Amino acid sequence: MQRKLTAILSADVVGYSGLMEADEAGTLAKLKANRGGIFDPLVSQHGGRQFKLMGDGALVEFSSVVAAVKCALAIQAQTEAAKTGIRHRIGINLGEVIVEGDDIYGEGVNIAARLQGLAAAGGVAVSRMVRDNAEGKMNCVFEDLGEHNVKNIDRPLHVFAVRAAGESAESARVDDRSKLSVCVLPFANMSGEAEQEYFSDGISEDIITDLSKVSALGVIARNTAFQFKGRSVDVPQVARQLRVSHVLEGSVRKAGGRVRITAQLIDGASGEHVWADRYDRDLNDIFALQDEISQAIVGALKLKLLPEEKRAIEQRGTTSPEAYKFYLMARQYRDTGNAGNRRAADLAIRLCRRAVEIDPNYARAWALLALVLSNTKLYFDVGVEDGLKEAEQALALDPGLAEAHAAKARVLNMSARYPEARIEVESALALDPDSYEANREAAMYAAATNDRAAAIKYFERAADLNENEYYAAGMAVGFCQAEGDEAGKRRAAQRALARVERLLASEPDHGSALSFGITALMALGEVERGKEWIERALLLDPDNVNMRYNLACSLITQVGAFDEGLDVLATIIERVHQGPINWMKIDPDMGPVREHPRFKAMVAAAEARLAAEDSGAP
């Protein structure tokens, strides 16, 4: 494993998801023109090397910090001058990275990505190391933005904005001051029932999506806003931390067929209310109500809503509140459901099927149905449905839906049709690089094709994008261990354990969550506590296939208890089909026993059984 100190530039396009939703073909054409005419030539001119291209984002390495900063400023200046509507955020870090082939990963890359998220639209944010190494060596000015706590980085980042010396601080801030920006905090669930959380979260997400379609308004991404969920916040402090002009907060109370939504828009500098209202409506009016709230916010900010933006806000995947409700319920169950438990799998399928029965043109519900069917096929091999037909139905209804491409990628991955899966993964990421589903399936594709570094990156990105789920956070643990990244393993384990413990507080017999918690505990050195959890898991959810497989992985990889792990694996390998067998062959958690005679014999026996079943032999 090669390590080196290098400058990493991380860039992405501001408001890319909203731009794509408003004008997919036009946005892709503008992005392609920007890359071909500005971004790529300037990277080459300044001696940079792009080692990762992800939809609207790029990662570039430079041997010189000065070259990286000069390149970033040139990209921003020329992109702004082109006036195409494309704008970048750029972050630059100087740090140690791990090199594997043409790819680079490690904390040095992660920090660059976090800095990029802190940069202003059209701006450049750098670490203190970059400032210290570039100051005085080029004609630019660094502005101290203070320390920031960011996800998955243990220590605060000291951040600096950088601008060309000929540009005054006042002019550098013109765009940020003139373009209003807002953070939509997760609306509080006031229904008195924790299971209604899916609904309040859905309302919050839809308002974020609606506002992101307004070109004159900057909107903080969902994953950033949702880090404040369940917390008592100081609104001016949130505004300063996220560098937004306004904050929207509210609550949702759903009871029977009625819903009450309160919302208030707060000036981030003064803490004063700019607008507030309360809505009591029939649940059937939920979509009109969301449109009304979004347009009221636009009006309160005295922004002009363009006709095409108004049409984009009013376009939804379904016109049925009932279908929408069942979709949100199914999605929450997918995120936190007990994978490997047959009852849980059947429930998720029923919720999705109900949504598409109510509205057969609901592409998102079809895509979600494809995903849950694929999971059911993986664990139980029931019937012949693997989700492919449903994924293709979603694509037929909406070819520009990232979740639909991700769902098809999932099915193709499980069938080992990797070249086809790659096409779908790339399409999903290009359409929406901030899609949880796209990043999760990109991770699964990378894992299946033995690109462990990419698997870690996409698992971590998926975990960033969905604070409720534990799967992606937990999967990163084993891949970090396989790559020898001890610090990454501990961070992933700590995050996975926190999410698991939160879920177990309300659902203590959740076998899948217990198994990921066991992996995290053992990765953190809490082996005895992990073994206690194993006893608990086997008592509470003994028939959970996914749980038992994960227990085997934990014993083999985290503890080195090969015989115990193989004993657990033996209890399920006689029941599984080809998909799980394919996974065992490439799963890094099975690496320590892959050449073990007993493991090889079990796999051979399982494949002989499957071959006999396929041939119809008695």
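Here are legends for a few close-up views of this predicted model.

**View 1. Inside the largest nonpolar core.** This core has 89 residues, and the ones that touch the most other members are Phe-459, Leu-569 and Met-590. Take Met-590: leaving aside residues up to four places away in sequence, its contacts are Tyr-549, Ala-552, Cys-553, Ile-556, Leu-569, Met-584 and Phe-599. There's another core that lies apart from this one, made of 72 residues, including Phe-199, Val-252, Cys-352 and Leu-373. In soluble globular proteins, nonpolar side chains tend to be buried together.

**View 2. Strand E9, a mostly covered strand.** E9 spans residues 180–184, and 5 of its 5 residues are buried. Which residues point one way, and which the other? Leu-180, Val-182 and Val-184 take one side of E9, while Ser-181 and Cys-183 point the other way, and all are buried.

**View 3. The strands that pair with E9.** Strand E11 (residues 217–219) runs parallel to E9, joined by 3 bridges. Look for Ser-181 in E9, which sits opposite Gly-218 in E11. E9 is also joined by 3 bridges to strand E12 (residues 246–255), and these two run parallel. Here Val-184 has Leu-248 of E12 as its bridge partner.

**View 4. Ser-232 in its loop.** You'll find Ser-232 between helix H9 (222–225) and helix H10 (235–242). Is Ser-232 buried or exposed? Its relative accessible area is 80%, so Ser-232 counts as exposed, the cut-off being over 50%. Ser-232 and Leu-185 are 47 residues apart in sequence, yet their C-alpha atoms are 11 Å apart in space.

Methods. Residues are numbered from 1 along each chain as its sequence is written. This is a predicted model: local features need pLDDT of at least 70, side-chain atom pairs count only at pLDDT 80 or more; totals for chains, interfaces and linings use all residues. Side-chain values use heavy atoms; hydrogens and water are left out. A nonpolar core is a set of buried Ala, Val, Leu, Ile, Met, Phe, Trp, Tyr and Cys residues joined through side-chain atoms within 4.5 Å. Buried means under 20% relative accessible area, exposed over 50%, partly exposed in between (1.4 Å probe, protein chains only). Contact means heavy atoms within 4.5 Å. Helices (H or I, at least four residues) and strands (E, at least two) are DSSP runs, numbered from the N terminus. Two strands pair if DSSP finds at least two bridges between them.
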